[in-house]
Amino acid sequence: MQLKEITTPHISELDVAKKSRLLVVDDDPNQLRFYLHGLSKLYYCQFARTAHDAISCARQFPQPDLIILDVVMPDLGGFEICRLLKCDPLTSNIPVIFASGIEDIDVKVRGFDLGCVDYITKPVLVPEMNARISTHLKLARQAHLLESLAYLDPLTQVPNRRQYNETIQREWSRSIRYAQPIAMILIDIDFFKQFNNFYGHGVGDDCLIKVAYHLHSLSRRPGDLFARIGGEEFVLILSDCDELGAVNKAEEVIETVSQLNIANQGAPNHDRVTVSVGIAVAKPKVSEEPLSLFQAADEALYNAKNSGRDKYALAER
Ligand SMILES: Nc1nc2c(ncn2[C@@H]2O[C@H](COP(=O)(O)OP(=O)(O)OP(=O)(O)O)[C@@H](O)[C@H]2O)c(=O)[nH]1
């Protein structure tokens, strides 16, 4: 039987968006038919009959929200498929439910050891199957939400210092591996103390939210990150970015904030909200730590503040 023979009934784009995606992996056509009838009204289902198809479907976007996996398969067994999925950062967070006729307790425990969230013994009853799937989808969503909250700044909803710390370590190592430059842009709002004093802390918060929202849109490439790392201090990490690219980005940062036209009557010049920017660019070496880049950018920021604010300064190399 070809995989194509088992397709879900017509599902509109809207339905796909609303429904969760399941990947069902089983080599038995009758079993797949059973799943098709039992699950496709509630979920958008994809089917795979081999380990190769299962892994490639799991890696493909849009990825499945949950995988139902047979234990005994003709090529790679379900356990081996699960192990491969859990080793791959792209698929490791997708919950796996084993469905098998094997009731042996040691086999079941082995499945959990490999990282499955549940083990159902065949013959499976549709209501039980749906109840388990729905529970695991809910738990997975909650875990995902919690994880994303831990990496976001609660006020501005942009990445926080924790995400900055992890990203700079990762991008620093990547820059070493590929011998690429990495740039860091530190951004600090000018005369923000006076802003708060003049307008109040609530308006100060609104200002931070607006500035963060607009600057966040300037991190466009996959390895880039914009984060709030302190009260009125933000950072942009730019991977594979040289000095010219970093200077262009710093100018864009200053222009973006100036264009927001947020009045700052508290500032000595009674003008709008502006930012000062410190830039540092490095070709990292194994012997160096990312902190050296941060310190260089911080020194440059200090120079930008001292030379009048609303401007950038580049760290000396
Ligand atoms: N509204 C608000 N203010 C904050 C927050 N976090 C820090 N701040 C304020 O940001 C101000 C930072 O003050 P300073 O470090 O003196 O910096 P500044 O007044 O911007 O002066 P320069 O950087 O030298 O231009 C302090 O008044 C902090 O209270 C926040 O989450 N919300």
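Start by selecting residues 21–137: the C-alpha atoms at the two ends of this span lie 10 Å apart, and the span is 44% helix and 21% strand. UniProt, in an unreviewed entry, lists these residues as "domain: Response regulatory". Keep in mind as you go that you are looking at a predicted model.

**Stop 1: Asp70**

Now pick Asp70, which sits in strand β3 (residues 66–70). The unreviewed UniProt entry places "modified residue: 4-aspartylphosphate" here, at Asp70. Is Asp70 buried or exposed? Its relative accessibility is 7%, and because buried means under 20%, Asp70 counts as buried.

Show what surrounds this residue. Beyond neighbours within four places in sequence, Asp70 is in contact with Val25, Asp26, Asp27, Gly78, Phe98, Ala99 and Lys122. Two of these names, Phe98 and Ala99, come back at the next stop, where they belong to opposite sides of β4.

**Stop 2: strand β4 and the strands beside it**

Select residues 96–100, which form strand β4. Five of its five residues are buried, so β4 is largely enclosed by the rest of the structure. Turn the view to see each face in turn: Val96, Phe98 and Ser100 are buried on one side, and Ile97 and Ala99 are buried on the other. That pattern is a familiar one, as side chains in a regular strand alternate between the two faces of the sheet.

Next, add β3 back to the view. β3 and β4 run parallel and are joined by four bridges. To find where they line up, look at Ile68, which stands opposite Ile97 in β4. Follow the chain from β3 and you pass through helix α4 (residues 78–87) before reaching β4, in a right-handed β-α-β crossover.

Then bring in strand β5 (residues 118–121), which runs parallel to β4 and is joined to it by four bridges. Which residue of β5 is the bridge partner of Ala99? Select Ile120 to see that partner. Between these two strands comes helix α5 (residues 105–113), and β4, α5 and β5 together make a right-handed β-α-β unit.

**Stop 3: strand β8**

Move along the chain to residues 233–239, strand β8. Seven of its seven residues are buried, so β8 too is largely enclosed by the rest of the structure. Glu233, Val235, Ile237 and Ser239 are buried on one side, while Phe234, Leu236 and Leu238 are buried on the other.

Show the strands that pair with β8. Strand β6 (residues 182–189) runs antiparallel to β8, with seven bridges joining them. Along this pairing, Ile185 has Leu236 as its bridge partner in β8. Strand β7 (residues 225–228) is also antiparallel to β8, with four bridges between them. β7 and β8 form a hairpin, with four residues between the two strands. Here, Arg228 stands opposite Phe234.

**Stop 4: the largest nonpolar core**

Nonpolar side chains tend to be buried together in soluble globular proteins. In this model, the largest nonpolar core has 31 residues, and Ile187, Val211 and Val277 have the most contacts inside it. Colour the elements that give it two or more residues: β6, α8 (192–199), α9 (201–216), β8, α10 (243–260) and β9 (275–282). Which of them gives the most? That is α10, with seven residues.

For a closer look, centre on Val211. Leaving out neighbours within four places in sequence, Val211 is in contact with Ile189, Phe234, Val257, Leu260 and Ile262. Phe234 is familiar from the previous stop, as one of the buried residues of β8.

**Stop 5: Gln265**

Select Gln265, in the loop between α10 and β9. With 36% relative accessibility, Gln265 counts as partly exposed. Apart from residues up to four places away in sequence, Gln265 touches Phe198, Tyr199, His270 and Asp271. Add Gln194 as well: Gln265 and Gln194 are 71 residues apart in sequence, with their C-alpha atoms 8.4 Å apart in space.

**Last stop: the whole chain**

Finally, zoom out. The protein chain has eleven helices and ten strands. Its C-alpha atoms fill a box of roughly 75 × 45 × 35 Å along the principal axes. The radius of gyration is 26 Å, whereas a compact globule of 317 residues would have one near 20 Å. Of the 317 residues, 46% are buried. Among contacts with a separation of 6 or more, 65% involve residues 24 or more positions apart.

Note on methods:
Residues are numbered from 1 along each chain as its sequence is written. This is a predicted model: local features need pLDDT of at least 70, side-chain atom pairs count only at pLDDT 80 or more; totals for chains, interfaces and linings use all residues. Side-chain values use heavy atoms; hydrogens and water are left out. UniProt positions are given in the numbering used here, feature names are shortened, and annotations may be inferred rather than shown by experiment. Buried means under 20% relative accessible area, exposed over 50%, partly exposed in between (1.4 Å probe, protein chains only). Contact means heavy atoms within 4.5 Å. Two strands pair if DSSP finds at least two bridges between them. A crossover is right-handed if, with the strands pointing away from the viewer, the path from the first strand over the helix to the second runs clockwise. A nonpolar core is a set of buried Ala, Val, Leu, Ile, Met, Phe, Trp, Tyr and Cys residues joined through side-chain atoms within 4.5 Å. The radius of gyration is taken over C-alpha atoms; the globule rule is 2.2 Å times the number of residues to the power 0.38.
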